[in-house]
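The following note is offered as a colleague's reading of the structure. It is arranged as numbered points for ease of reference.

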Amino acid sequence: MRRPKVHIIGGGLAGLAAATRFADGAYDVALYEAARQAGGRCRSYYEPALGLTIDNGNHLLLSGNHAVRDFLKCVGNENALQGPPDARFPFVDLATGESWVLHPNKGSFPWWIFVPGRRVPGTKPSDYLALLKLVLARDGQSISQVMRCEGTLYERLWHPFFLAALNTDPREAAVAPAAAVIRETLMKGAGACRPLVAAEGLTPAFIDPALRFLESRNAHVFLGRRLRAISVADARLAKLEFEDENVPVDRGDAVILAVPAPVAEGLLPGLAVPRTFRAIVNAHFKVEPPASMPPILGVINGLTEWLFAYADRLSVTISGADRLLDVAREDLAQRIWSDVTQLTHLSGPLPPWQIIKEKRATFAATLEEEALRPGPRTPYANLFLAGDWTATGLPATIEGAIRSGYRAADELTGSR
Ligand SMILES: Cc1cc2nc3c(=O)[nH]c(=O)nc-3n(C[C@H](O)[C@H](O)[C@H](O)COP(=O)(O)OP(=O)(O)OC[C@H]3O[C@@H](n4cnc5c(N)ncnc54)[C@H](O)[C@@H]3O)c2cc1C
């Protein structure tokens, strides 16, 4: 008997994660990716300006990201992420020169907030009670409705933490995805909030192992195949129209659309999707980091927000960076390098650099956009949605993308 087929459109992490769910062989899997390289917004590439292979953006993960762990284990690369053995977040305030290490304790009772050397300097334990209000908030509220978005603790912890997690200024952000992150990481204690990075790069960590795994399970991965349109008949998706050929979707077959929100909306007019996005700017400097540099440094009162130390470069992340999109790249490089020299005590002229502005890095985690995130089901019985922008309950992150792919695959198999 012919096995049913699953067509997965989009080879980002959502699509790849969905594909891994069919590894038991009950379905034939075909995955179509428009680009010549899989990975979408989570990929490595050769950057000629630096003569290095770098990632499209620095990606910070936390040890509480359980779907990420599960995915890496499934594709056989569970040691892909590196980080300190303990949850330690060094910070520097460029305005005052102060530095400190945020150091949550193991276990869910947060005694670290009672220890001056573990909490943010200039704060007292009662300041942290605001977090309870945040996790107990109703959906449909904004962060600024439940937390005072000013003061030392906000400036030194909640602002950088939520801006990084949501890629949206917390003053305009919805509380629900912020609370979900806190519940899954900080509230579970140090074991769930160790900072992790793919030090060897995102493609070697996530994408290549996933492609090898899928190939070993006889999934067909087609690169350079952009879906142009779909045809529907009898309330089901009946045909996929690519540039060079049409692929019928036979009865019993199904499709998972794991493309970015604007592409999904273009293919499925009338679909409600988030329509406002926020930029991320990354700056890369080809310079060997000082031996004393931590792998990740949080920065307060700088243009730089996070400084990542890799073996062959220093890289800076600036989230919610729409205000910088029109700033000349040379100007940005100089300003960010000036922060970096203060933070590292490196001196000398600007080393080889690259500035990458990802205009639509993630959707804006505002109340309006949150309300537009669809679930995995569509009006068509054999069409399912995945992507970091679908209603995962999480911000647009690797964890959210992987979970969305898992959920679309589970809905599909559950619907049979
Ligand atoms: C600069 C930057 C920094 C980030 N930092 C972090 C971080 O620190 N931590 C974190 O967890 N997350 C971070 N993220 C978010 C994370 O990268 C994304 O949430 C995740 O990669 C999204 O995966 P996805 O599969 O949902 O979407 P995508 O990666 O966008 O995948 C969609 C895929 O569909 C393909 N496609 C589009 N149209 C078609 C078509 N018509 N036919 C076929 N294929 C198509 C695209 O080429 C793409 O490969 C960051 C993102 C950026 C851009």
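**Note on the ligand site, internal spaces and selected residues**

1. The shell around the ligand is made up of 17 nonpolar, 10 polar and 6 charged residues. The model under discussion is a predicted one, and the values below should be read in that light.

2. In total, 33 residues surround the ligand. Those closest to the ligand are Glu 33, Arg 41, His 59, Leu 60 and Asp 388. As regards secondary structure, at least two residues of this shell come from each of helix 1 (13–20), strand 2 (28–33), strand 18 (353–363) and helix 11 (398–414).

3. Three polar contacts to the ligand may be listed individually. The side chain of Glu 33 places an N or O atom 2.6 Å from an oxygen atom of the ligand. For the side chain of His 59, the corresponding distance from an N or O atom to an oxygen atom of the ligand is 2.7 Å. Asn 58 takes part through its backbone, with an N or O atom 3.5 Å from a nitrogen atom of the ligand. On its own the ligand has 1000 Å² of accessible area, and the protein covers 92% of this.

4. How many cavities of 30 Å³ or more does a search of the whole structure find? The search finds 1. The largest cavity has a volume of about 40 Å³. Its lining consists of Ala 19, Phe 22, Ala 23, Val 29, Leu 214, Arg 217 and Ala 219. By class, this lining has 6 nonpolar residues, no polar residues and 1 charged residue.

5. Among the pockets, the second largest has a volume of about 370 Å³. It is lined by 19 residues, of which Pro 110, Ile 113, Tyr 128, Leu 131 and Leu 132 are the closest to its centre. Helix 3 (residues 130–136) contributes the most to the lining, giving 3 residues. The lining of this second largest pocket comprises 15 nonpolar and 4 polar residues, and no charged residues.

6. Two residues with unusual backbone geometry deserve a separate entry. Asp 234 is not a glycine, yet its phi is positive, at about 55°. Ala 235, likewise a residue other than glycine, has a positive phi near 60°. Asp 234 is located in the loop between strand 10 (227–233) and strand 11 (236–242), and Ala 235 lies in the loop between strand 10 and strand 11.

7. Are these loop residues buried or exposed? Asp 234 counts as exposed because its relative accessible area is 63%, and the exposed class begins over 50%. Ala 235 has a relative accessible area of 51%, so it too falls in the exposed class by that cut-off.

8. Val 6 is found in strand 1 (residues 5–9). Its relative accessible area is 0%, and Val 6 is therefore classed as buried, the limit being under 20%. From C-alpha to C-alpha, Val 6 and Leu 196 are 33 Å apart in space, with a separation of 190 residues in sequence.

Key:
Residues numbered from 1 in each chain as written. Predicted model: local features only at pLDDT ≥ 70, side-chain atom pairs only at ≥ 80, totals over all residues. Heavy atoms only, no water. Near = heavy atom within 4 Å. Polar contact = N/O pair within 3.5 Å; in protein donor to acceptor, adjacent residues only side chain to side chain. Areas by Shrake-Rupley, 256 points an atom, 1.4 Å probe, with all protein chains shown as cover. Helix = DSSP H or I, 4+ residues; strand = E, 2+ residues; numbered from the N terminus. Nonpolar A, V, L, I, M, F, W, Y, C, P; charged D, E, K, R; others polar. 1 Å grid on protein atoms, 1.4 Å probe; cavity = no way out; pocket = protein on both sides within 12 Å on 5 of 7 lines; lining within 4 Å. Points joined across faces, edges and corners; volume = space filled by probe spheres on them. Buried < 20%, exposed > 50% of the residue type's maximum accessible area, 1.4 Å probe, protein only.
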